[in-house]
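Here's a walk through this multi-chain model, starting with one chain and moving out to its partners. Keep the 3D view open as you read.

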Amino acid sequence: MASIKRRVAIIGAGITLFRRRLKETGRELSFYAAKMALEQAGITLDDVDAVVCGTAPDAFDGVHMKGEYLADGMGGHRRPFVRVYVGGGTGVFTPIAAWWHVASGHFDVVLAVAEEKMSSCFPHPQKAFTTIFDPIYTRPLGANLVWIFALEMQRYMHVHGVKKEQIATIAVKNKRNALDHPCAQLPAKITVKDVLESEVMVWPVQRLDISPPSDGAAAVVLAAEHVAKQLTDDPVWIEGVGWCLDSTYWTNRDLYYPKYVEYAARMAYKMAGIKNPPKEIDVAEPYDPFDYKEAHHAEGLMLARKGEYLKDVKDENDIFAKYGRDGDLPICPSGGLLGVGNPIAAAGMMKVCEIFWQLRKEAGKRQVKNDPRTGVAQAWGDLMQVGTVMVMRV
Amino acid sequence: MSVERSRLPEEIKHWYGDMICDYTYTLGLAGEKFFLGLKEGKILGTRCPRCGAVWVPPSLYCPDCFEELTDWVEVSDEGTVFTFTVAHLGPDGRPLEEPEIYAFILLDGADGGILHKLGEVRPEEVYIGMRVKAVWAPEAERKGAITDIRYFKPVE
Amino acid sequence: MPAESGVMERRVAVIGVGWSGFAPQTADLSYKELMFEAAVRAYEDAGVDPRRDVDSFITCAEDYWEGFSIFDEFVPDQLGAVLKPTCTVAGDGLHGLANAVMQIESGLFDVVAVEAHSKASDLLTYEGLMRFAMDPIYTRPLGWHPYALAGLEMARYLYDTGNTEEHCAMVVEKNRRNALANPMASYATDITADDVMASRPLFEPLKELDVAGLADGCVVMVLAAEEVAEKLSDKPVWVLGMGWASETISPELRDWCRPVYAEVAADMAYAMAGIKEPAKELDLAEVDDRFSYKELQHVEALGFCDYGEAGKMLEDGVFDRDGDLPVNPSGGSLGVGHLLDASGLFRAMEVVLQLRGEAGRRQVEDARVGLAMSWRGIPTASGAVLIFGSEKEVSRT
Amino acid sequence: MSVRIKEYRGTYYSRKDLEEGRVMAFRDRPEARYAWATGVAMGRFLSELKNGRIIGRRCRSCGRVLVPPRMFCERCFRPTDEWVYLSDTGTVLTYSVSYLGPAAERLKEPVIIAVIQLDGASPGIGILHKLGEVKPEEVKIGMRVKAVWKPPEEREGAITDILYFKPIEEG
């Protein structure tokens, strides 16, 4: 494999509020995020060579070929514009695709925008989620999206002997972190007891284990090295990208470990020259649509050994000591999907924005205390199948 | 290379299903103003401060300049047939009993216009460049939808 | 628009193509089985083992064309892509190719496979799905059949350019007759322009025979970096240029005559390939012709001639298979069938086969540089252009 | 959030705002119906279900028996080689108890779902189905189960021709 010749930086980021319902159309939300990212980068759309769109199932917004629908709101009118898509992994994958647009040498400045408007699917987006299943051998069983995560969570707990009390601490941490995020939909000060006493959805998944459906958009601006250095004193370099897709047949895989996340992470770490992830990474935003997923993904990212993310975590104090903003390794300082909300593709992009702001020391009240130099954002999706990973550095 | 083909006639060849959900699309910030305008018998557009274009239907942003558009202007309900088609099929692809005339009407004062039907005119009389005017539904019947304009008709 | 530095530091070539299906329906195979057949043929053609040699996989798909959400879920197994970098480009096959090329140029990968397919015969509500792609606020509430937009565009295009309905009918005659020499074609026939003119009006001036019929089919293409391509293949076909662009989904805010997406995409592709006079420098073109007028419109937007001249050139036989610039020698969508988002990849494959001299009875003589262009169909204004060469550069004689 | 950003945008509305007309909306549902070609593998699988049998495919290269069946082996990237009938008994690999229906509606009686490795399938190769005739608290990973079929005359060639799997006692 040849070496990467062109360095690429993120030079601006933008985000909307995340809410259960927003009045703006998806095109309008995209415009807000894109415009903010451009302003933060100190450029206008005239300076943008190409646009990459990220948005998850068309069945949420309720528009076929949703990328084309969103194009002008993302700044894609009469420009090179393309939509990339890997289900829930899309949010981190979108800037990865923007990265190869720049790294290839074709473009100097590329805008990456992610949007989701799940409120269009009425009364509840869960109905749209049922269309992600195979129509012949899964949908007729009356499958619900939460089913498959419950099966995965059960398997994870069973294989490693992890307890629900431990997993619940993740929800406590992230919802509390989100109190400091101005866009957050579900920030809250809750306890492990609250999680364990919340309504059972699909055992072992309870109400407070899950992130909400949301509307929202987020965007980042990528630039080639020579442009980035002209435009900003604080470029955040994209040093590693990775993604990986496992087999469709998820009932034929052991769900206890996300091997595809590990493979994606290995690809990104190799590119970034990272050999010892927990030592070399200062802040991480693994994908947390469910609380157990943070543990699952942190293990896939090799930030902890298999089954050991929650090893010494017995209560809330333990999780903040290990993974809080002033803990050993800050994880999801943004508040994650559990706290900030989960407009699918925009939620993954939010994680990239968060690492960008953390590394630039612009995260305000959310700023982690360990003077971070290297951060990783990760998303996940499809039928528990895809991992997308981006390593950033200052 | 070919996949082994089935030769059993009794096999189940197709599986039927759908991707149907109910959707509720908020009209958005620009759309809501536009449709409320229709209810009042007005066609509204947004003006770009940079390029000066008046976009109808209105957009919250200029697709060319990416400026946020906050300058709302009322445009005329009269305009010119920019292009038209004589429709012989309904939305489901079945033949229409009577052909309809669909047009894009470039409205006076706008850099855009409205897609709508033409009425009070026969297909063979319509031409590109023809002057037309909106025929509004009675005020009491308007509900903030495109059908608040019944159709456009030729002006003398 | 292209960056100032580093364009095409790494050359990329197509080293393998494979296809399956290409019929109005393929009821005996599932989409997965169709993809598997095409993939096996493409890897065989390229001489690669996907589990060992292919670094990345791209599928080009849209959920509502499939009938389920998140199409890439259902992709890796039949492409040999399990536990490898794999993604969806929600675009035409040419968008997928462009992204594969960039992945290789960036230095990330050496070999990338791109897949696109149509299982149009699985769709019971094709028009309804097109309608569902329209803007739900301004366009959908009109309750119009999606082809109404084509009728409106065709009317203004003919008005502005002076090209005629008869010219459009001649496009149908040319392409469906070209298709007679193409074993992959579903709609080959010796129809005449008069037959087209006499066909049922749908959205005047658009008539029934101006519209391409649907077909099923899958195409897989394998691309490789220069050093790998030259090792693996004795007839690599080089990607010389590429471009793509979208316009707003709102028809009211577009140009009703000029397909600006095609102009932007072509400018980008020509700049990269160093092409200044496309009509002279190209040996053939496969251009979107999902509606007959679209071929004329696209030919003009691609700069083969000025607006308003395509009809006359068509009359003069310039675009015939043995003309100066053959357009759609394959038969195009009108002759082969419309393949949804596989349209572009099919066109790219046709150009590759032509440049390799493997196009059989439809072979264009001395084909060395060819162009493939796609449009994503109603209601979009989105398309892509790729330029291929049998040599690494466009040679000027 | 960045300290450099002063305002974050988006206009929240409640469901009540919508129902009471304070937010305007257009309502629609897609015409999105399909007749998917089942193809060789699923066509046979469904036909066999109608006959009360479960069929898989074996790849001779890696030796695995795959179910649901497919005509290709994703590991070896080659065609699978032969049809293999599987037992309708198996082992629970993982399970969960759902109080939610497909549209997130609350169920009165929970549904127990499980990934079941059928006897005759390769290790780890499971199918998704429901469990019945068992209480949620009695289900265990590793539990042995057997298919309960619809009566033959009611079968239509669908995964639901199996009603559910129930626990079996084995001695």
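A quick word on terms: helices and strands here are DSSP runs, with at least four residues for a helix (H or I) and at least two for a strand (E), and they're numbered from the N terminus. One more thing before diving in: this is a predicted model.

**Chain C and its two domains**

Let's begin with chain C, which has 16 helices and 11 strands. Its C-alpha trace covers about 55 × 50 × 40 Å along the principal axes. The radius of gyration of chain C is 19 Å, which agrees with the value near 21 Å that a compact globule of 397 residues would have. Of those 397 residues, 74% are buried. Take the contacts in chain C between residues at least 6 apart in sequence, and 78% of them turn out to join residues at least 24 apart.

The domain assignment splits chain C into domain 1 (12-124 + 216-232) and domain 2 (143-211 + 240-389). Over C-alpha atoms, the centres of these two domains of chain C are 24 Å apart. Where they meet, 28 residues of domain 1 of chain C contact 22 residues of domain 2 of chain C. On the domain 1 side, the elements of chain C giving two or more residues are strand 1 (12-23), helix 5 (93-105), strand 4 (111-119) and strand 7 (216-225). Helix 5 of chain C gives the most to that side, with seven residues. By class, the domain 1 side has 19 nonpolar, seven polar and two charged residues.

**The nonpolar core**

In soluble globular proteins, nonpolar side chains tend to be buried together. Here, the largest nonpolar core has 424 residues, and the members touching the most others are C:M221, C:L223 and C:L386. Helix 15 of chain A (residues 344-359) gives the most to this core, with 12 residues. Domain 1 and domain 2 of chain C each put in at least three residues as well.

What is C:L386 in contact with, leaving aside its neighbours within four places in sequence? Its contacts are C:L94, C:L97, C:A98, C:V239, C:M242, C:A269, C:A348 and C:A372.

**Chain A and its neighbours**

Chain A touches chain C through 60 of its residues, which are in contact with 62 residues of chain C. Several elements of chain A supply at least two residues each to that side, including helix 4 (90-103), strand 8 (236-245) and helix 10 (259-272). The chain A side facing chain C divides into 31 nonpolar, 16 polar and 13 charged residues. There's strand pairing between these chains too: strand 3 of chain A and strand 3 of chain C (residues 86-89) run antiparallel and are joined by two bridges. In that pairing, A:V84 has C:V89 as its bridge partner.

With chain B, 23 residues of chain A are in contact with 18 residues of chain B. Helix 1 (26-41) and helix 5 (126-129) of chain A are the elements giving two or more residues to this side, and helix 1 of chain A has the largest share, three residues. The class split for the chain A side facing chain B is eight nonpolar, eight polar and seven charged.

**A sheet in chain B**

Chain B has an open sheet of three strands in the order 4-3-5, paired antiparallel. Strand 4 (54-55) and strand 5 (71-75) of chain B are at the edges with a single partner strand each, so one side of each has no neighbour in the sheet. Five bridges link strand 3 (residues 43-47) of chain B to strand 5 of chain B; among them, B:T46 is partnered with B:W72.

**Backbone oddities**

A few loop spots are worth a look, starting with two cis peptide bonds.

| Cis peptide bond | Omega |
|---|---|
| A:W203 to A:P204 | about 10 degrees |
| D:V67 to D:P68 | near 0 degrees |

A:P204 sits in the loop between strand 5 (200-203) and strand 6 (205-206) of chain A. D:P68 is in the loop between strand 4 (65-66) and strand 5 (72-73) of chain D.

Then there are residues other than glycine with a positive phi. A:C332 has phi near 55 degrees and lies in the loop between helix 13 (316-323) and helix 14 (336-340) of chain A. D:E133 also has phi near 55 degrees, and its place is the loop between strand 10 (126-131) and strand 11 (144-149) of chain D.

Buried or exposed: how does A:C332 count? A:C332 counts as buried because it has 28 C-beta neighbours inside 10 Å, and 20 or more is the cut-off for that. D:E133, with 12 such neighbours inside 10 Å, counts as exposed.

Conventions:
Residues are numbered from 1 along each chain as its sequence is written. Chains are lettered from A and ligands numbered from 1 in the order in which they are written. This is a predicted model: local features need pLDDT of at least 70, side-chain atom pairs count only at pLDDT 80 or more; totals for chains, interfaces and linings use all residues. Domain bounds come from an automatic or database domain assignment. Two residues are in contact if their C-beta atoms, placed from the backbone, lie within 7 Å. Ala, Val, Leu, Ile, Met, Phe, Trp, Tyr, Cys and Pro count as nonpolar, Asp, Glu, Lys and Arg as charged, and the others, Gly among them, as polar. A nonpolar core is a set of buried Ala, Val, Leu, Ile, Met, Phe, Trp, Tyr and Cys residues joined through C-beta atoms within 7 Å. The radius of gyration is taken over C-alpha atoms; the globule rule is 2.2 Å times the number of residues to the power 0.38. Two strands pair if DSSP finds at least two bridges between them.
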